[in-house]
Amino acid sequence: MSDDLEEMGPVDYLVVEFPGNRMTGEGFPLLVDLVDRGIIRILDFLFVRKDKDGSVSVLELKEVGDEVDLSVFEGASSGLMGDEDIKEAGNVLEPGNSAALLVYENVWAAPLARALRRSGAQMVASGRIPVQALLASLDAAEAAASGAGSAVG
């Protein structure tokens, strides 16, 4: 097992909330495309719902919606996600909403990760900048730049 882990790329997770339990399925073909092109490998994929009373339950893929065919994701379970992960996902959801929980390997980064591990390097921090935060930062920088240009000195 440790040899397999040495070959893997970085592993990430996502919790994607669907307000009012409305899933259009628009993103799912794009997810399948990422898998088909070998960019990511899905390790775990499940859906949860948070009821108005705050209780969280796991949904079967066939319960997710008639307009979305999720059969391609059947069996995508490595066992990495447990009850505690489901509870944590439920904590970030608003009551009455559902979410997709996805754990995936970044296959595209596996060769780099292997080379770094062979050289003794290790990941010591990782993160993601939400698009909203990036846009706000760029807007603030633009405002500061335009304000600095209008100063008379």
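## Reading a pocket, a helix and two residues

User: What volume does the largest pocket have, and how would anyone look for one?

Analyst: Rolling a probe the size of a water molecule over the atoms shows where empty space is left. In this predicted model, the largest pocket has a volume of about 360 Å³. It is lined by 16 residues, and those closest to its centre are L14, V16, G27, L31 and L102.

User: Which parts of the chain supply the lining of the largest pocket?

Analyst: Try matching the lining to helices and strands. Strands β1, β2 and β4, along with helix α2 (28–36), each give at least two residues to the lining. You can also sort the lining by class: twelve residues are nonpolar, three are polar and one is charged.

User: Now for a helix. Which residues of α3 are buried?

Analyst: Here the cut-off helps: a residue is called buried when its relative accessible area is under 20%. Helix α3 runs over residues 83–92, and I86, A89 and G90 are buried in it. Looking down the axis of α3, you would find these buried residues within an arc of 100°, so they line one face of the helix.

User: Which residues are exposed on the other side of α3?

Analyst: K87 and V92 are exposed there. As for the buried residues of α3, their cover includes the strands β1 (11–18), β2 (40–50), β3 (56–59) and β4 (98–106).

User: Let's zoom in on D12. Is it buried or exposed?

Analyst: D12 is found in strand β1. Its relative accessible area is 19%, and the limit for buried is under 20%, so D12 counts as buried.

User: What does the side chain of D12 make a polar contact with?

Analyst: Its partner is the side chain of N106, at 2.9 Å. If you set aside neighbours within four places in sequence, D12 is in contact with L102, V103, Y104, N106 and R128.

User: And how should I read V35, with its relative accessibility of 31%?

Analyst: Values between the buried and exposed limits, 20% and 50%, are called partly exposed. V35 lies in helix α2, and at 31% V35 is therefore partly exposed. Leaving out neighbours within four places in sequence, V35 is in contact with I40 and I42.

User: How many residues apart in sequence are V35 and E105, and what is their separation in space?

Analyst: Here you can set sequence beside space. V35 and E105 are 70 residues apart in sequence, while their C-alpha atoms are 10.0 Å apart.

Notes
Residues are numbered from 1 along each chain as its sequence is written. This is a predicted model: local features need pLDDT of at least 70, side-chain atom pairs count only at pLDDT 80 or more; totals for chains, interfaces and linings use all residues. Side-chain values use heavy atoms; hydrogens and water are left out. Buried means under 20% relative accessible area, exposed over 50%, partly exposed in between (1.4 Å probe, protein chains only). Helices (H or I, at least four residues) and strands (E, at least two) are DSSP runs, numbered from the N terminus. The arc is that of the directions from the helix axis to the C-beta atoms. Contact means heavy atoms within 4.5 Å. A polar contact is a pair of N or O atoms within 3.5 Å; within protein, one must be able to donate a hydrogen and the other to accept it, and residues adjacent in sequence count only if both atoms are side-chain atoms. On a 1 Å grid over the protein atoms alone, a cavity is a set of points where a 1.4 Å probe fits but cannot get out, and a pocket is an open set with protein on both sides within 12 Å along at least five of seven lines; lining residues have an atom within 4 Å of a point. Grid points are joined across faces, edges and corners, and a volume is the space filled by probe spheres set on the points. Ala, Val, Leu, Ile, Met, Phe, Trp, Tyr, Cys and Pro count as nonpolar, Asp, Glu, Lys and Arg as charged, and the others, Gly among them, as polar.
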